[in-house]
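Good morning, colleagues. Please take a moment with the sequence and the model on the next slide, and then I shall go through the sheet, one buried side chain and the salt bridges.

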Amino acid sequence: MKKGLISCLLLLTAFCIPALSHATPGIMKKFIARYPDTEKSQLASCRTCHLPALENCLNGYALLLKENGLDFSAIEQTDADGDGIASIDEIRVLQLPGSQAQADEVFLFTNRIGAITFNHEKHSLGDAYLSKGKCANCHGPETFPRQFDDNQSWQPVAHPLCKGCHKESGSDKAPKKCFDCHDKKNRRLPE
């Protein structure tokens, strides 16, 4: 019985994994052919289409690309990540068109108290963090949206969620005081 199960798994692996592993590199090759300057940049990675994942492990840029039959030119003028900058303009300066993060899923949340630098990748995947890759721990109707508007205050959501998680972690390294997270030298002044 055990040998049969192992044989079945090996057979499935042999047929399924190569098909999955060749799809993304093919799209990446197409992307680099369209935008040659991206070849040795952060854009020559899975992050361009997969982080932050919005639906079926795809971000906004990848979803638009899929909807438009993998026609890169058809989505160049779109703002796939909702940051107010056209995807082609982000690609030209080697920024991620599907993420509001500038690199490695590091976000800067500005506010009047002091900006918060938030490493999404570490918080969502790091062993030391409580989320353990479960998006619903932080994202949902009453918590953080998957795309955010930096002009909106997230304090009512962030304070209970973030402070609660920091406390629950029991880690001495988890920030506990206001200015452990907020950089008071980097404040957004009231308009």
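Which residue in β3 is the bridge partner of A115? The partner is D183. I should state at the outset that this model is predicted.

That bridge belongs to the pairing of β2, residues 115-119, with β3, which is antiparallel and runs over two bridges. The sheet as a whole is open and has three strands, ordered β1-β2-β3, with antiparallel pairing. Because β1 (106-109) and β3 (182-183) each have a single partner strand, they stand at the edges, and one side of each is left without a neighbour in the sheet.

I turn now to the loop between α4 (87-92) and β1, where Q100 is found. Is Q100 buried or exposed? Its relative accessible area is 17%, under the 20% cut-off, so Q100 counts as buried. The Q100 side chain reaches the backbone oxygen of D81 at 2.7 Å.

Finally, the salt bridges, of which there are two. In one, E76 pairs with R34, with 2.7 Å between the closest N and O atoms. E76 sits in the loop between α3 (60-67) and α4, whereas R34 belongs to helix α1 (residues 2-34), so this pair ties together parts 42 residues apart in sequence. E76 is buried at 14% relative accessible area, while R34 is partly exposed at 41%.

The other salt bridge joins R92 and D89, at 3.1 Å from N to O. Both residues lie in helix α4, three residues apart, or about one turn of the helix. Here R92 is exposed, at 60% relative accessibility, and D89 is partly exposed, at 35%.

Technical notes. Residues numbered from 1 in each chain as written. Predicted model: local features only at pLDDT ≥ 70, side-chain atom pairs only at ≥ 80, totals over all residues. Heavy atoms only, no water. Pairing = 2+ DSSP bridges. Helix = DSSP H or I, 4+ residues; strand = E, 2+ residues; numbered from the N terminus. Buried < 20%, exposed > 50% of the residue type's maximum accessible area, 1.4 Å probe, protein only. Polar contact = N/O pair within 3.5 Å; in protein donor to acceptor, adjacent residues only side chain to side chain. Salt bridge = Lys/Arg side-chain N within 4 Å of Asp/Glu carboxyl O.
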